[in-house]
Amino acid sequence: MGRPHMKSAPHILYIEDNEFNQRLIRKILEPAGFKLSSAFDGIQGIKQAIDLKPDLILMDLELPQIDGLGAATKIKSLPGLAKVPIVALTSKTSKRDRDQALVAGCDGYIEKPINARTFADQVRRYLKGEHERIEPANKTRILRDFNVTLVNKLQAKIEELEKTNQELRQSKEELLHAYEQSQNWNLELQRLTRLKENIVGITSHELRTPLSIATGYIDLLLEGMLGELNDDTHRVLQISQTSLAKMSDLITKITDLTRLALKKFPMNLEVVDINEIFKNVREGMSFFMKIRNLDFHMERSDEPIWVQADPNLIEQVLSNLLKNAICFTPDHGKIEVKTWIQDNKGWFEIADTGIGIKEEDLEKIFDEFYQVTDVNYHKTGQFEYMTRGIGVGLALCKGILSELGGKIGASSSGLNQGSSFTFYLPMVTQE
């Protein structure tokens, strides 16, 4: 059978949510001289029908959003589309389904699976005006059944919307409760932050006052200003003086850490060379590395690493990192330091053959007061193996570097595999 006598290729709109079926119909109709457009649900199909005004619509009855019956009814009610043939293309094969499709506005009914050899000719017949009709005697009953079906679908949609609205109201109440709770938590956090600031300030002052008095009296005794001392007394006072100095340093670190967290930390910024500052730090600790038989090696950048920073704070960062490497590396171990320039940043890395860090601790070690080993095995000292502080050194390093626009990280292959700490700071031009 030849093609229909039309000025241009007949334009077919196929409304079908199954992509495989879309491709199949396209492969059959396009070689037969038809132009094909696609829609994948009922709402999209109605919009496409309005925009394209096709010569014929192929409609699957089981569609998402709006089913084929509803879509057909809507399209037939639109101006300019009432006379566009709609052919139901569906796997629903009962007489009741066929009758309801015709009542809804379909002009024909083709069952799936289609016959690929005759399908194009079937479409041409509907384009020429072929039209399936309902027996008049059954039309009233079919219309009543169709109306009942529409009412049932409408009722189901209303119930679904009511359920959704109820869920939305419940979600809104939960979100409101969560918001109010978060506001309360925020207020409590602000209160605790102020309390922390006050406690640290008061504690620092209350500890420093007696500490200064005790240090002053010990200095007087050691200088012999209160009488001559025997050797044992002199040695005991020296030990006491060292312990008081460590306590003073600890108070300073805790105070500095709190000020950093509260953004109230004064900095005297200068352009400094990381290599030179570390040189001074290393010289100050070289004696301790020597008596511990630690092998130290440094690979220094060819050029100075100029950064804008407070020299005392950068020295504190470098001192903390080197001291940690010394304290957590057993005697006869190795410590390696490397500095380099990359991407306009100055980089510093220190690696050791020490106790290492478990993977789950790599991020936590920069938290305030976090300890990577059991606190029950805390050892007090200066640079002896496994000497530890209270867990503020790395947190202080992270805070200082962050304030200066840098970042620090740690890596380790696990316990007893050594560890590595790397940080960078933005470089500046030395004038």
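What share of the 431 residues in the protein chain is buried? In this predicted model, buried residues account for 39% of the chain. The accessible surface amounts to about 25600 Å². Carbon and sulfur atoms contribute 52% of that surface.

The chain contains 10 helices and 12 strands. Its contacts often span long stretches of sequence: of those between residues at least 6 apart, 69% link residues at least 24 apart.

Confidence was examined next. The mean pLDDT of the protein chain is 83. A pLDDT of 70 or more is reached by 79% of the residues. Two stretches fall below 50. For residues 1–6 the pLDDT is below 50, and the model gives this stretch 10 contacts beyond near neighbours in sequence. Residues 374–380 likewise stay under 50. This second stretch has 12 contacts beyond four places in sequence. Where pLDDT is low, the predicted coordinates should not be read in detail.

Helix α5 illustrates how one element is packed. The helix covers residues 119–127. Its buried residues are Phe119, Ala120, Gln122, Val123, Arg124 and Tyr126. An α-helix has 3.6 residues a turn, so residues three or four places apart point the same way. Which elements cover the buried residues of α5? The cover includes four strands and a helix, namely β1 (11–15), β3 (56–59), β4 (86–90), β5 (108–111) and α1 (19–29). Just after α5 comes Gly129, with a positive phi of about 115 degrees.

Key. Residues numbered from 1 in each chain as written. Predicted model: local features only at pLDDT ≥ 70, side-chain atom pairs only at ≥ 80, totals over all residues. Heavy atoms only, no water. pLDDT = per-residue confidence, 0-100. Contact = heavy atoms within 4.5 Å. Helix = DSSP H or I, 4+ residues; strand = E, 2+ residues; numbered from the N terminus. Buried < 20%, exposed > 50% of the residue type's maximum accessible area, 1.4 Å probe, protein only. Areas by Shrake-Rupley, 256 points an atom, 1.4 Å probe, with all protein chains shown as cover.
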